[in-house]
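Biologist: I have a structure open and I'd like to understand how its parts fit together. Could you walk me through it?

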Amino acid sequence: MVTHPGKGLHGQAVEELGRRIIRGDYPPGSVVDPVKFETELGVSKTVVREAMRVLASKGLLESKQKRGTTIRPRADWNLLDSDLLRWQGSSAPTDAFLEDLAEVRAIVEPAGARLAAARRTPSDLEAMRQALDAMAAAGADAEAMVEADLAFHRALLDAAHNELLSRMEVVIEAGLRVRDRIVHGAQHHSDSIPVHQELLDAVEAGAPDAAVAAVESLLAQASDDLAAVRARDGQDEAHDPQPKEAP
């Protein structure tokens, strides 16, 4: 069985089956065989049954008499579920998924920045400062940079003091994590710390328009970096379409 550190057998089964469904290994409408899963994953009936129950709660599966358990249509999936967002972005995210995430960020984050500039508290500003300091300290450590970037944007949404807006963190985190993993992993990106600093300064100054402008600059920079990496990867594939043989 493919293991996922830090998760028990039940959690590992949920992860593995969820990723397979999201990846399209089992198309919508297809019947799933629990016995096959038990064999493939090397787990008990109970583990598979519980994993399938969790996936059903996320809209991925449904069980009917005489038909068994089937994959539900994508329209029924709970696409805002944090696990589904993570699974979609963890392997090879499609262009459509990346575009959807970028559009949602472009809607949510400027609004969040505007509210944050009007409502921020000293503790909100301190959380943003600490995250920015962590970004600066991360250097070439891509994973540390990703976590610090996530902390900054999470603090920004929290500074808006709108509980529902804060819950959009799951979408923002998915978008940031996918983008940062691709861009920082490729070591091909612009220095985003100055723009983050501009955003923090605008929020601290209570300047909503400046905060919105800073977020929009940040999103544009992120989009440009991602496009550059994907274009370069496309050129590499065009120049070397066949996998290289091992030496």
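Modeller: Sure, let's start with the inside.

Biologist: Which residues have the most contacts inside the largest nonpolar core?

Modeller: A nonpolar core is a set of buried Ala, Val, Leu, Ile, Met, Phe, Trp, Tyr and Cys residues joined through side-chain atoms within 4.5 Å. Buried means under 20% relative accessible area, exposed over 50%, and partly exposed in between, with a 1.4 Å probe and protein chains only. The largest core here has 25 residues, and those with the most contacts inside it are Met-128, Phe-152, Leu-156, Leu-199, Val-203 and Ala-211.

Biologist: Which helix gives the largest share of this core?

Modeller: Helices are DSSP runs of H or I with at least four residues, strands are E runs with at least two, and both are numbered from the N terminus. Helices 5 (95-119), 6 (122-138), 7, 10 (193-205) and 11 (208-239) each supply at least two core residues. The largest share is six residues, and it comes from helix 6.

Biologist: How far can I trust the model, and what is its mean pLDDT?

Modeller: It's a predicted model, where local features need pLDDT of at least 70, side-chain atom pairs count only at 80 or more, and totals for chains, interfaces and linings use all residues. Residues are numbered from 1 along each chain as its sequence is written, and side-chain values use heavy atoms, leaving out hydrogens and water. pLDDT is the predictor's confidence in each residue, from 0 to 100. Of the protein's residues, 87% reach 70 or more, and the mean is 86.

Biologist: Asp-149 is in helix 7; is it buried or exposed?

Modeller: Helix 7 covers residues 142-158, and its buried residues include Val-146, Phe-152 and Leu-156. Contact means heavy atoms within 4.5 Å, and beyond four places in sequence Asp-149 touches Met-135, Leu-176, Asp-180 and His-196. Its relative accessibility is 3%, so Asp-149 counts as buried.

Biologist: Which residues form the one aromatic pair found in the whole structure?

Modeller: Rings of Phe, Tyr and Trp (its six-membered ring) pair if their centres lie within 6.5 Å; planes under 30 degrees apart are stacked, over 60 edge-to-face, the rest tilted. This pair is edge-to-face, at 5.6 Å centre to centre and 65° between the planes. One partner lies in the loop between helix 1 and strand 1 and the other in helix 2, so the pair ties together parts 11 residues apart in sequence. The two are Tyr-26 and Phe-37.

Methods
Expected span 1.5 Å × (residues − 1).
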